Amino acid sequence: MNELSLHILDICQNSIKANADLIEIIITEDTINNIYKIDIIDNGSGMDKKTLSEVADPFFTTRATRNVGLGISLFKMAAEMTDGSLEITSTINEGTKVSTIFQYNHIDRAPLGDIEDTLTILILNENMIDIYYKHIYNNKIYIFDTKEIRKILDGIPFTNYDVIMWIKNNIKEGIINIHKEESI
Ligand SMILES: Nc1ncnc2c1ncn2[C@@H]1O[C@H](COP(=O)(O)OP(=O)(O)OP(=O)(O)O)[C@@H](O)[C@H]1O
Ligand SMILES: [Mg+2]
């Protein structure tokens, strides 16, 4: 996986499996301190201490179909390739936080990729989870919040084609805008 958005999708799928109904994704780009940080926080079932201690091990999974869990290990590897790190904290019945730090300008730091596609896939999930996406680029912030959008849509479903297209464009443009250099 050489796009961070694909890792994010994978980590969020764990949250969906854990029955979360809210996932917060926070991306912090701090070019001054050379940090690219991704936090994924859910309010799902959480993990007990034993599971938590085993989770970053590529041979651990609670899946029954195969006995190798890869999602978290791959994300951890991607971070470590840039001299970064991954940390998980989790509380049973409260939720889980996966926090990953990359070195911003490291040659092996993957690009974000199509985050608007990842977010749309999550929004269209049958469980109707809420997504709160916050993207910070130095002092500029873009926020996408399904709770707010739901209010504006006033009953029009997220599955509506025009709604999907609007959402994708809004995210894409929002992220482009926070990366624009201020013109004097
Ligand atoms: N957000 C979460 N909430 C609760 N449990 C989690 C969460 N994320 C991971 N886990 C636990 O950690 C295990 C390992 O997760 P990981 O994503 O690495 O592998 P997997 O989901 O089992 O398999 P894969 O991601 O390869 O499909 C999961 O099986 C699950 O038990
Ligand atoms: Mg997984």
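Colleague: Why does Asn138 count as partly exposed?

Modeller: This is a predicted model, by the way. Asn138 has 13 C-beta neighbours inside 10 Å. Buried starts at 20 or more, and exposed means 12 or fewer. With 13, Asn138 falls in between, so it counts as partly exposed.

Colleague: Where is Asn138 found, and what is notable about its phi?

Modeller: Asn138 sits in the loop between β5 and β6. Its phi is positive, about 50°, although Asn138 is not a glycine. Most residues other than glycine have a negative phi, which is what makes the value worth a look.

Colleague: And what about Asn34: which loop is that one in?

Modeller: Asn34 lies in the loop between β1 and β2. Asn34 isn't a glycine, but has a positive phi of about 60°. Asn34 has 13 C-beta neighbours inside 10 Å, so it counts as partly exposed.

Colleague: How do you know that β1 and β2 pair?

Modeller: Count the bridges! Two strands need at least two to pair. Strand β1 (residues 22-30) and strand β2 (residues 35-42) have 8 bridges, in the antiparallel sense. The cut-off is at least two, so with 8 bridges they qualify. As one place to look, Ile26 stands opposite Asp39 in β2.

Colleague: What is the order of the strands in the open sheet, and what makes β3 and β6 edge strands?

Modeller: The open sheet has 6 strands in the order β3-β4-β2-β1-β5-β6, and the pairing is mixed. β3 (85-91) and β6 (140-145) each have a single partner strand, so one side of each has no neighbour in the sheet. On average, neighbouring strands here are turned by 10° against each other, ignoring direction.

Colleague: Which helices lie on those strands?

Modeller: Among them is helix α3 (residues 71-80), lying across β3 and β4 (95-103) and running at about 140° to β3. Helix α6 (residues 161-179) also packs on the sheet, touching β5 (130-137) and β6, and its direction makes about 165° with that of β6.

Colleague: How many helices and strands does the protein have, and why is it called as compact as a globular protein of its length?

Modeller: There are 6 helices and 6 strands. The radius of gyration is 17 Å, and the globule rule gives 16 Å for 184 residues; the two are close, so the protein is as compact as a globular protein of that length.

Colleague: What share of the residues counts as buried?

Modeller: That's 27% of the 184 residues. To be in that group, a residue needs 20 or more other C-beta atoms within 10 Å of its own.

Technical notes:
Residues are numbered from 1 along each chain as its sequence is written. Chains are lettered from A and ligands numbered from 1 in the order in which they are written. This is a predicted model: local features need pLDDT of at least 70, side-chain atom pairs count only at pLDDT 80 or more; totals for chains, interfaces and linings use all residues. Helices (H or I, at least four residues) and strands (E, at least two) are DSSP runs, numbered from the N terminus. Axes are lines fitted to C-alpha atoms, for helices over the stretch in contact, and angles run from 0 to 180 degrees between N-to-C directions. Two residues are in contact if their C-beta atoms, placed from the backbone, lie within 7 Å. The radius of gyration is taken over C-alpha atoms; the globule rule is 2.2 Å times the number of residues to the power 0.38.
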